[in-house]
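Visitor: I would like a close look at a single part of this model, the strands and the turns that link them. Could you take me through that part step by step?

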Amino acid sequence: QVQLVESGGGSVQAGGSLRLSCAAAGYTGSSLGWFRQPPGKEREGVAAIASDGVTRYADSVKSRFTISQDNAKNTLSLQMNSLKPEDTAMYYCAAADPRQWDYRFLLLRGIYKYWGQGTQVTVSS
């Protein structure tokens with residue numbers, strides 16, 4: 001079965017950077033994504049990448065975050081630069097069912113079947 005394990009979270013000062021990684025074992029699906037959930041709020045899509053390399057980003061992180069995957073190592077990464085206090089959240093990686101979803105759906109949590117345990121990111125001002 002698919003197993004997703006996030007790492008790389010931590011505490012950082014505003015303006016700093018972090019790189020999150022997700023080890024994806026047993027994954028042969030179509031799309032991978034990063035989601036985040038601040039305390040008391042709904043989980044939201046941050047960045048996603050389709051099997052053909054097409055990416056989508058939430059407006060709030062465009063130009064600051066970059067999603068990438070290393071197929072040889074079966075890992076998904078999220079490079080986060082210029083971090084802001086509002087980026088503070090639990091971050092999750094997710095894998096969709098093996099299906100060629102329309103690119104418009106890549107940031108919707110409903111298409112993702114498998115989820116990691118999450119890694120905390122805290123940005124102080």
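Guide: Before we look at the hairpins, it helps to know that two strands count as paired if DSSP finds at least two bridges between them. The model in front of you is a predicted one, and a good place to begin is strand 5, which covers residues 44-50. Six of the seven residues of strand 5 are buried, so this strand is largely enclosed by the rest of the structure. On one side of the story is strand 4, residues 31-37, which pairs with strand 5 in the antiparallel sense over six bridges, and within that pairing S31 has A50 of strand 5 as its bridge partner. These two strands form a hairpin with six residues between them, and in its turn G40 has a positive phi of about 75°. Strand 5 also pairs with strand 6, residues 55-57, again in the antiparallel sense, here over three bridges, with I49 standing opposite T55 of strand 6. This second pair forms a hairpin with four residues between the strands, where G53 in the turn has a positive phi of about 95°.

For context, there is also an open sheet of four strands, in the order 1-3-8-7 and with antiparallel pairing. Strand 1 (3-7) and strand 7 (65-70) stand at its edges with a single partner strand each, so one side of each has no neighbour in the sheet. Neighbouring strands of this sheet are turned by 15° against each other on average, direction ignored. At one of those edges, strand 7 pairs with strand 8, residues 75-80, over six bridges in the antiparallel sense, and D70 stands opposite T75 of strand 8.

Methods:
Residues numbered from 1 in each chain as written. Predicted model: local features only at pLDDT ≥ 70, side-chain atom pairs only at ≥ 80, totals over all residues. Heavy atoms only, no water. Axes fitted to C-alpha atoms, helices over the stretch in contact; angles between N-to-C directions. Buried < 20%, exposed > 50% of the residue type's maximum accessible area, 1.4 Å probe, protein only.
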